[in-house]
Amino acid sequence: MTPEKASKIGQSEMVQLYSRRSSVPYELWGRLIERAEKQIDILAYAGLFLVEQDPRLIDTLRQKAAGGAKVKILLGDPSSPAIERKSVEEGATGVMAAKIRQVQQYYNRIDGAPGVTVLYHETTLYNSIYRFDDEMLVNMHVYGFPAPHAPVMHLRRLNGGDLFGTYADSFDRVLSASYPLPGSGVAA
């Protein structure tokens with residue numbers, strides 16, 4: 001395949017670009033979660049907004065896993081230097097670790113559920129990645145701005161495209177370096 005053709009397919013993989021995560025309609029998040037049958041992957045520092053927007057999210061994730069979907073949630077280790085650095089860069093020292101500890105309370109409810117993996121990472125995140133089978137939302141991080149104020153790409157996997165695959169590979173690299181948090185109460 002020529003580079004020009006690969007580029008054209010890559011452009012077609014982008015469904016929509018939102019100027020801010022807060023501009024992504026929650027109906028889209030809900031639709032992507034509901035339609036996912038094989039996998040739901042979440043890579044974020046906290047991703048607290050998901051459980052705040054939908055009080056049924058944890059039950060939905062449990063049901064998806066019971067139905068055969070693999071649910072993988074990768075959260076920032078609240079004790080890691082990367083988390084404190086992110087908080088400082090956003091002008092809110094200590095806030096990110098507090099958000100992670102808060103979201104842990106939700107994910108404790110699916111502790112041990114078959115098909116659910118909750119792990120922690122110390123990665124410097126350039127993007128938060130939310131994958132739902134062959135679609136994903138990529139929240140691009142911008143220095144000094146909180147994630148709700150940064151752009152989001154809605155991508156879909158297309159044969160011959162490499163944009164979706166680039167972000168899927170990034171998720172997998174962070175997954176391979178992730179670990180259970182001792183004493184978190186969240187099963188790996």
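How many bridges join β2 to β5, and do these strands run parallel or antiparallel? In this model there are 4 bridges between β2 and β5, and the two strands run antiparallel. Hi everyone, and one thing before we go on: what you have in front of you is a predicted model.

Let's stay with that pairing for a moment. Along it, D41 stands opposite R131 in β5. Strand β2 also pairs with β3, this time in the parallel sense and over 5 bridges. In that pairing I42 stands opposite I73 in β3. From β3, covering residues 70–76, we can step across to β4, since those two pair in the parallel sense over 6 bridges. There, L74 stands opposite L119 in β4.

Now, how well covered are these strands? For β2, residues 39–43, 5 of the 5 residues are buried, so the strand is largely enclosed by the rest of the structure. Strand β4, residues 116–121, is mostly covered, with 5 of its 6 residues buried. Here is a reminder from the textbook: in a regular strand, side chains alternate between the two faces of the sheet. You can follow that in β2, where Q39, D41 and L43 point one way while I40 and I42 point the other way, and all of them are buried.

Next, the core. The largest nonpolar core contains 54 residues, and the ones with the most contacts inside it are I73, Y107, Y130, F132 and L137. Notice that I73 is the residue we just met opposite I42. Have a look at Y130 as well. Leaving out residues up to four places away in sequence, Y130 touches a long list, including W29, D41, I42, F49, L50 and L137.

Let me turn to some polar and charged residues, beginning with D133. You'll find D133 in the loop between β5, 127–132, and β6, 135–140. Does D133 sit buried or exposed, and what is the nearest side chain of opposite charge? D133 is buried yet has no salt bridge, and that nearest side chain belongs to K38, 5.5 Å away. What D133 does have is the backbone nitrogen of Q39, lying 2.8 Å from a polar atom of the D133 side chain. Beyond four places in sequence, the residues that D133 touches are R35, A36, E37, K38, Q39 and F164.

R21 is another one to look at. R21 belongs to the loop between β1, 14–18, and α2, 26–35. With a relative accessible area of 12%, R21 is buried. The R21 side chain makes a polar contact of 3.4 Å with the side chain of N139. R21 also touches W29, F49, A147, P148, A150 and V152, among others outside its four-place neighbourhood. And compare sequence with space: R21 and M140 are 119 residues apart along the chain, but their C-alpha atoms are 8.9 Å apart.

H141 completes this little set. H141 is in the loop between β6 and β7, and at 18% relative accessible area H141 is buried. Its side chain and that of S128 are joined by a polar contact of 2.8 Å. Apart from neighbours within four places, H141 is in contact with K86, L125, Y126, N127, S128 and A150.

Finally, salt bridges. How many salt bridges does a search of the whole structure find? That search gives 6. One of them brings together the side chains of E135 and R31, at 3.9 Å from N to O. E135 lies in β6 and R31 in α2, so this pair ties together parts that are 104 residues apart in sequence. Both partners are partly exposed, E135 at 21% and R31 at 28%.

In another, D54 and R56 meet at 3.8 Å, N to O. Here D54 is buried at 11%, whereas R56 counts as exposed at 54%.

Then there is D134 with R157, where the closest N and O atoms are 3.2 Å apart. This pair links distant parts of the chain, 23 residues apart: D134 is in the loop between β5 and β6, and R157 in the loop between β7 and α7. D134 counts as partly exposed at 35%, and R157 is partly exposed at 36%. Elsewhere, salt bridges that share partners join D59, R62 and R109 into one network.

That's my tour, so thanks for listening!

Note on methods. Residues numbered from 1 in each chain as written. Predicted model: local features only at pLDDT ≥ 70, side-chain atom pairs only at ≥ 80, totals over all residues. Heavy atoms only, no water. Buried < 20%, exposed > 50% of the residue type's maximum accessible area, 1.4 Å probe, protein only. Pairing = 2+ DSSP bridges. Core = buried A, V, L, I, M, F, W, Y, C linked by side-chain atoms within 4.5 Å. Contact = heavy atoms within 4.5 Å. Lys, Arg positive; Asp, Glu negative; His and termini not counted. Salt bridge = Lys/Arg side-chain N within 4 Å of Asp/Glu carboxyl O. Polar contact = N/O pair within 3.5 Å; in protein donor to acceptor, adjacent residues only side chain to side chain.
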